[in-house]
Amino acid sequence: MDPIVTLIVEDDPRVGRILQEVVGATPGFRVLGRADTLAEARLMLTAGRPELLLVDLSLPDGSGLDWVEEQRRAGLEAGIIMITAADDVATVQRALNTGVFDYIIKPLRLARIQQSLADLRAFHARLRQPASLDQGTLDQMLGRSRPGDEPQRRTPKGIDALTLRQVLQLFEPSPEQGLSADAVAQQLSMSRTTARRYLEYLESEEQLQIRLHYGNRGRPERIYHKTGQA
């Protein structure tokens, strides 16, 4: 399967750089480039014919959502992921009615972007295989579960679902106490680096939060708590 050519439409240099790095490092994707304005995006869209657009809503020369609607009316079939700080229901509903594949609210979370890209690639792969689709396969592609189905959530590379569950369980008996990476590593017989990776992932998913503990000397220790407990 050829890589999914991706155009990023984002005027914030820091956010744009993050998106370029994430997309460029994700297997199955290739970055066409980044447009700072809608005018640049129109030129790059015509020249490069991308299959995926990552589009901000607020841009220097107009609304990214207005532009997406304009491109849809002109026959654009590329997948679209809106990445914006706009979180009001009316804007989200309007974007969904335009046929966006996903809507991600800033501030950015790395795992959330990676998950969206993985879902899109899986969607493309499924569309290219069968001549027809049964309802179960279509439900999976659209992210819908049927009665009795157990919802499955994929974790990013380097994060094992079982280990992740074990880490979370450590916080259940007394969530108000909090745990350091060293404590988690010791209780689960893993390296401190591995423990820190799982804790940082859970923090990025807002399941844990950090409080700094200042001892008598040295650098402060990062103590992780269940969200709402710190």
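**Exercise 1. Locate Ser 189 and state its backbone and exposure.**

Step 1. Ser 189 sits in the loop that links α8 to α9 (192–204). The model is a predicted one.

Step 2. Read the backbone. Ser 189 has a positive phi, near 55°, and is not a glycine.

Step 3. Check the surface. The relative accessible area of Ser 189 is 70%. The cut-off for exposed is over 50%. Ser 189 is therefore exposed.

**Exercise 2. Classify Leu 188 by accessibility and list its contacts.**

Step 1. Place the residue. Leu 188 belongs to helix α8, residues 181–188.

Step 2. Take its relative accessible area, 22%. Buried needs under 20%, and exposed needs over 50%. Leu 188 is therefore partly exposed.

Step 3. Look beyond four places in sequence. There Leu 188 contacts Gln 166, Val 167 and Leu 170.

Step 4. Add a distance. Leu 170 is 18 residues from Leu 188 along the chain, and their C-alpha atoms are 9.2 Å apart.

**Exercise 3. Describe phi and exposure for Glu 206.**

Step 1. Glu 206 lies in the loop between α9 and β8 (208–213).

Step 2. Its phi is positive, about 65°, although Glu 206 is not a glycine.

Step 3. With a relative accessible area of 53%, Glu 206 counts as exposed.

**Exercise 4. Summarise the whole chain.**

Step 1. Count the elements. The protein chain has nine helices and nine strands.

Step 2. Take the burial. Of its 230 residues, 38% are buried.

Step 3. Take the surface. About 13600 Å² is exposed, and 47% of that comes from carbon and sulfur atoms.

Step 4. Take the contacts with a separation of 6 or more. Residues 24 or more positions apart make up 57% of these.

**Exercise 5. Work out the strand order of the five-stranded open sheet and find its edges.**

Step 1. Write the order: β2-β1-β3-β6-β7, with parallel pairing.

Step 2. Recall how strands join. Pairing runs through backbone hydrogen bonds, in a parallel or antiparallel sense.

Step 3. Find the edges. β2 (29–35) and β7 (102–105) each have a single partner strand, so one side of each has no neighbour in the sheet.

Step 4. Add the twist. From one strand to the next, the average is 20°.

Step 5. Zoom in on one pair. β1 (residues 4–9) pairs with β3 in the parallel sense through four bridges. Val 9 has Val 55 of β3 as its bridge partner.

**Exercise 6. State which strands α1 and α3 lie across, and at what angles they run.**

Step 1. Helix α1 (residues 13–25) lies across β1, β2, β3 and β6 (79–84). It runs at about 165° to β2.

Step 2. Helix α3 (residues 64–73) lies across β1, β3 and β6. It runs at about 170° to β6.

**Exercise 7. Separate the two faces of helix α2.**

Step 1. List the buried residues. In α2 (residues 38–48), they include Leu 38, Ala 41 and Leu 45.

Step 2. Test whether they share a side. They cover an arc of only 45° around the axis, so they fall on the same side of α2.

Step 3. Relate this to helix geometry. With 3.6 residues a turn in an α-helix, residues three or four places apart point the same way.

Step 4. Name the cover. The buried residues of α2 are covered by elements including β1, β2, β3, β4, β5 (62–63) and α3.

Step 5. Turn to the face away from the buried side. It carries the exposed residues Leu 43, Thr 46 and Ala 47.

Step 6. Step past the helix. Arg 49 follows α2 and has a positive phi, near 50°.

**Exercise 8. Decide whether Asp 56 is buried or exposed, then map its surroundings.**

Step 1. Asp 56 is in the loop between β3 (52–55) and β4 (58–59).

Step 2. Its relative accessibility is 6%, so Asp 56 counts as buried.

Step 3. List the contacts, leaving out residues up to four places away in sequence. Asp 56 touches Val 9, Glu 10, Asp 11, Gly 64, Met 82, Ile 83, Thr 84 and Lys 106.

Step 4. Pick out the polar contact. The side chains of Asp 56 and Lys 106 meet at 3.5 Å.

Step 5. Follow Lys 106 along the chain. A cis peptide bond, with omega about 5°, joins Lys 106 to Pro 107. Pro 107 is in the loop between β7 and α5 (110–127).

Key: Residues are numbered from 1 along each chain as its sequence is written. This is a predicted model: local features need pLDDT of at least 70, side-chain atom pairs count only at pLDDT 80 or more; totals for chains, interfaces and linings use all residues. Side-chain values use heavy atoms; hydrogens and water are left out. Helices (H or I, at least four residues) and strands (E, at least two) are DSSP runs, numbered from the N terminus. Buried means under 20% relative accessible area, exposed over 50%, partly exposed in between (1.4 Å probe, protein chains only). Contact means heavy atoms within 4.5 Å. Accessible areas come from the Shrake-Rupley method with a 1.4 Å probe; for residues, only the protein chains shown count as cover. A polar contact is a pair of N or O atoms within 3.5 Å; within protein, one must be able to donate a hydrogen and the other to accept it, and residues adjacent in sequence count only if both atoms are side-chain atoms. Two strands pair if DSSP finds at least two bridges between them. Axes are lines fitted to C-alpha atoms, for helices over the stretch in contact, and angles run from 0 to 180 degrees between N-to-C directions. The arc is that of the directions from the helix axis to the C-beta atoms.
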